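Thank you for making time for this. I would like to walk you through one structure, so please have the sequence and the model open while I talk.

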Amino acid sequence: MITDPIADYLTRVRNAIMAGHRVVEVPASKVKKEITKILFDQGYILSYKFDDDNVQGTIKIALKYDRATKASVIKKLQRVSTPGVRRYVGASEMPRVLNGLGIAIVSTSHGVMTGKKASQEHVGGEVLCYVY
């Protein structure tokens with residue numbers, strides 16, 4: 001049993017990047033699907049595919065690497081809010097990651113979105129992770 005599925009998702013992606021894999025497969029959930037869509041929209045991954053073969057389903061993520069240096073586009077995935085210590089922020093104190101170069105993924109009452117979009121919509125929420 002996994003106590004923190006989002007941390008497991010981030011760890012699987014982080015481990016695949018460190019091993020140089022092109023594709024990583026993770027168990028699916030609604031929040032993980034939304035995080036994957038955000039990573040794709042922000043240009044951190046090449047593509048993704050949702051497979052609903054079994055009860056839970058899986059997410060296949062094609063990782064993105066720089067052509068010249070073969071380095072991953074994702075430098076760091078950092079879990080912020082954990083089941084033991086939840087981290088909530090208001091719309092006015094939304095965190096800036098690397099002075100705007102990274103993104104904060106936030107779970108709000110309007111759904112999962114980036115910190116920048118949450119600030120524009122004037123909603124706060126739980127900071128799930130930082131990506132840069």
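I will take the aromatic side chains, then the salt bridges, then the strands and finally the largest pocket.

Before anything else, please keep in mind that what you see is a predicted model, and that the side-chain values I quote rest on heavy atoms, with hydrogens and water left out.

Let me begin with the aromatic residues. A pair of aromatic rings is described by the distance of the centres and the angle of the planes, and I will give both values for each pair. A search of the whole structure turns up two aromatic pairs. In one of them, the ring centres of Phe40 and Tyr48 are 5.3 Å apart and the planes stand at 75 degrees, so this pair is edge-to-face, given that the term applies to angles over 60 degrees. The other pair joins Tyr48 to Phe50, with 5.1 Å between the ring centres and 45 degrees between the planes, so here the arrangement is described as tilted. Taken together, these ring pairs link Phe40, Tyr48 and Phe50 into a cluster.

How accessible are the members of that cluster? Phe40 is partly exposed at a relative accessible area of 34%, Tyr48 is partly exposed at 29%, and Phe50 is likewise partly exposed, at 27%.

Phe50 also has a charged neighbour, in that the charged end of Lys33 sits over its ring, 5.2 Å from the ring centre. Lys33 is itself partly exposed, with a relative accessible area of 22%, and it brings us to the next topic.

Side chains of opposite charge can pair when their charged atoms come close. How many salt bridges does the structure hold? There are seven, and I will pick out a few of them.

Lys33, which we have just met over the ring of Phe50, forms a salt bridge with Asp52, at 3.7 Å from N to O. This pair links distant parts of the chain, since Lys33 belongs to helix H2, residues 30–41, and Asp52 to the loop between strand S2 (45–51) and strand S3 (58–63), with 19 residues separating the two. Asp52 counts as exposed, at 53% relative accessibility.

A second example is the salt bridge between Arg79 and Asp4, whose closest N and O atoms are 3.0 Å apart. Here, too, distant parts of the chain are linked: Arg79 is in strand S4 (residues 77–79), Asp4 is in the segment before helix H1 (5–19), and the two are 75 residues apart. Are these two partners buried or exposed? Arg79 counts as buried at 16% relative accessibility, and Asp4 is buried as well, at 13%.

A third example is the salt bridge between Asp51 and Lys49, where the N to O distance is 4.0 Å. Asp51 is buried, with a relative accessible area of 12%, whereas Lys49 counts as exposed at 51%. Lys49 and Asp51 are also part of a network of salt bridges that takes in Lys60.

Lys60 leads us to the strands. It lies in S3, where it stands opposite Lys49 and also opposite Glu25. S3 pairs in the antiparallel sense with strand S1 (residues 23–27), over five bridges, and it runs antiparallel to S2 as well, to which six bridges join it. S3 is mostly covered, with five of its six residues buried. S2 and S3 form a hairpin with six residues between them, and Gly57, in the turn, has a positive phi of about 85 degrees.

Finally, we come to the largest pocket. Rolling a probe the size of a water molecule over the atoms shows where empty space is left. In this model, the largest pocket holds about 230 Å³ of space. Which residues lie nearest its centre? They are Pro95, Gly100, Gly102, Gly115 and Lys116, out of a lining of 13 residues. Strand S6 (103–108) and helix H3 (115–120) each supply at least two residues of that lining, and the largest share, three residues, comes from H3.

If you look back at the model afterwards, I would suggest starting at Lys33, which sits over the ring of Phe50 and forms a salt bridge with Asp52.

Definitions and conventions:
Residues numbered from 1 in each chain as written. Predicted model: local features only at pLDDT ≥ 70, side-chain atom pairs only at ≥ 80, totals over all residues. Phe/Tyr/Trp six-rings, centres within 6.5 Å; stacked < 30°, edge-to-face > 60°. Buried < 20%, exposed > 50% of the residue type's maximum accessible area, 1.4 Å probe, protein only. Lys NZ or Arg CZ within 6 Å of the ring centre and 35° of its normal. Salt bridge = Lys/Arg side-chain N within 4 Å of Asp/Glu carboxyl O. Helix = DSSP H or I, 4+ residues; strand = E, 2+ residues; numbered from the N terminus. Pairing = 2+ DSSP bridges. 1 Å grid on protein atoms, 1.4 Å probe; cavity = no way out; pocket = protein on both sides within 12 Å on 5 of 7 lines; lining within 4 Å. Points joined across faces, edges and corners; volume = space filled by probe spheres on them.
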